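Biologist: I have a model open on my screen and would like to learn how to read it. Could you walk me through some features, one at a time?

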Amino acid sequence: MSASAPSGRGGGPLLSLRDFRVHFPVSEGVLFRRKLGLVRAVDGVDLDVESGETLGLVGESGCGKSTLGRGVLQLFEHGVARMSGEVRYGGQDLVKLGSTRRGLRRIRPLRKDLQIIFQDPYASLNPRMNVATIVGEPLRVHGLEKGRAATARVNELLEVVGLSPAMAKRYPHEFSGGQRQRIGIARALAVRPRFIVCDEPISALDVSIQAQVMNLMMDLQERFHLTYLFIAHDLAAVKHISDRIAVMYLGEIVELAAADTVYDEPLHPYTRALISAVPVPDPSSTAGARRIRLSGEVPSPLSPPSGCRFHTRCPIAEARCKAEAPQLRELVPGHRVACHLAEPPG
């Protein structure tokens, strides 16, 4: 299942995932722990993220989007999640390094390049720290600027994200949700990263603020030559900010193509259903479009269906879909789909 990125702005993949898996052991009992199975949150993902691009990752809640993003950065405590496959950055396999405590220490220098913006700006900022301490903490942890240089760097970052340096001594509770997310963005930028996982960074914000934050992120990407993995469930927002979109279902990538292509010519039945549910400003302009309603619930990642994982809800599933898992194949250049029945457009 290869999903290599096309040659783009940066001239080569910055991050490569091969057969990447994140599984969580499930057990019961207090004294005698009995293993019940594995939650297959991410189950065999292949992706290349091109230097300088924004790769959007979409899907329903619980499909494994955030787990993939956090797994790439090795943010799970040692022993909590079982990771396998490869996540290659800078010639090193982060999964292999993260498998031991000594390896995790070797990952620390790479964390300057690999940062994250969290979903909830209310929960991701320490309420006991003022803004200067929050934004400056990465500088201290990585042994970068100190003293006046650190203060100057914090003030510079606040201005970059549209906040006044005069706010540096305030605490998170004194800010609105949009301002808190700007603080989180400033913190992620502090160590001059190359790659940022944006874990649903606008979903907790008011609609009126979401566009402002997205436009800020796009400006910052251009200014600092950043690469984004933008995770969201809002396809309209993802289309606005992304170069390419990967659609995820139950731990697997089912479609991958340029943003406009995924939106205008979806080939996977699941992607078509997602697109049909996107609200439009003028419903009368799409009066002839049919809303696709999926039956049933998303199966449990503890016991995913055999064959194609979407076949239990797919309106066009056949006997083959229940028995054989489809490969992510390229139907047209740059457009890959994991569906036995998908055909090239036209």
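Biologist: Let's begin with strand pairing. In which sense do β3 and β8 pair, and over how many bridges?

Modeller: Strand β3 (residues 54-58) and strand β8 (residues 227-231) run parallel to each other, joined over 4 bridges. For one example, put your cursor on Leu57: its bridge partner in β8 is Ile231. Keep in mind that this is a predicted model.

Biologist: Which sheet do they belong to, and in what order do its strands come?

Modeller: Read a sheet from one edge to the other. Here 8 strands form an open sheet, in the order β6-β7-β8-β3-β9-β10-β12-β11, and the pairing is mixed. The edges are β6 and β11 (329-332), each of which pairs on one side only. On average, neighbouring strands in this sheet are turned by 25 degrees against each other, direction ignored.

Biologist: Which strands does α7 lie across?

Modeller: Helix α7 lies across β3, β6, β7 and β8, and it runs at about 155 degrees to β8. Another helix to look at is α10, which lies across β9 (244-249) and β10 at about 105 degrees to β9.

Biologist: While we are on α10, how do I read a single residue in it? Is Thr271 buried or exposed?

Modeller: Start with accessibility, then look at the contacts. Thr271 lies in α10, which spans residues 269-276. Its relative accessible area is 1%; buried means under 20%, so Thr271 counts as buried. Its side chain makes a polar contact of 2.7 Å with the side chain of Glu255. Setting aside neighbours within four places in sequence, Thr271 touches Val247, Glu255, Val262 and Pro266.

Biologist: Now a whole helix. How many residues does α6 have, and how far does it reach?

Modeller: Helix α6 (residues 177-189) has 13 residues and reaches 19 Å from its first C-alpha to its last, close to the 18 Å expected at 1.5 Å a residue. As a general idea, an α-helix has 3.6 residues a turn, so residues three or four places apart point the same way.

Biologist: How many of the residues of α6 are buried?

Modeller: The count is 12 of 13, so α6 is largely enclosed by the rest of the structure. Among the buried ones are Arg180, Arg182 and Arg187, along with Ile183, Ile185 and Leu189. The buried residues of α6 pack against β6 (114-117), α4 (131-141), α5 (147-160), β7 (195-199) and α7 (207-224).

Biologist: Is there another sheet to practise on? What is the order of the strands in the antiparallel one?

Modeller: That open sheet has 4 strands in the order β2-β1-β4-β5, with antiparallel pairing. Its edge strands are β2 (34-50) and β5 (92-93), each pairing on one side only. Within it, β1 (residues 13-28) and β4 (residues 82-89) pair over 7 bridges. Helix α1 (residues 65-72) packs on this sheet, touching β1, β2 and β4, and its direction makes about 115 degrees with that of β1.

Biologist: Which residue of β4 stands opposite Ser16?

Modeller: Ser16 stands opposite Arg88. The side chain of Arg88 also meets that of Glu86 in a salt bridge (3.3 Å, N to O). Arg88 is partly exposed at 36% relative accessibility, and Glu86 is partly exposed at 29%.

Biologist: How many salt bridges does a search of the whole structure find?

Modeller: It finds 15. To read one, check the distance, then ask where each partner sits. Arg309 forms a salt bridge with Glu252, the closest N and O atoms being 3.5 Å apart. Arg309 lies in the loop between α10 and α11 (319-323) and Glu252 in strand β10 (residues 252-258), so the pair ties together parts that are 57 residues apart in sequence. Arg309 is buried, with a relative accessible area of 9%, while Glu252 is partly exposed at 22%.

Biologist: Which residues are linked with this pair in a network of salt bridges?

Modeller: The network links Asp19, Arg21, Asp43, Glu252 and Arg309. For a last pair, look at Glu330 and Arg336, whose side chains meet in a salt bridge at 3.4 Å, N to O. Glu330 is partly exposed at 43% relative accessible area, whereas Arg336 is buried at 14%.

Note on methods. Residues numbered from 1 in each chain as written. Predicted model: local features only at pLDDT ≥ 70, side-chain atom pairs only at ≥ 80, totals over all residues. Heavy atoms only, no water. Pairing = 2+ DSSP bridges. Helix = DSSP H or I, 4+ residues; strand = E, 2+ residues; numbered from the N terminus. Contact = heavy atoms within 4.5 Å. Axes fitted to C-alpha atoms, helices over the stretch in contact; angles between N-to-C directions. Expected span 1.5 Å × (residues − 1). Buried < 20%, exposed > 50% of the residue type's maximum accessible area, 1.4 Å probe, protein only. Polar contact = N/O pair within 3.5 Å; in protein donor to acceptor, adjacent residues only side chain to side chain. Salt bridge = Lys/Arg side-chain N within 4 Å of Asp/Glu carboxyl O.
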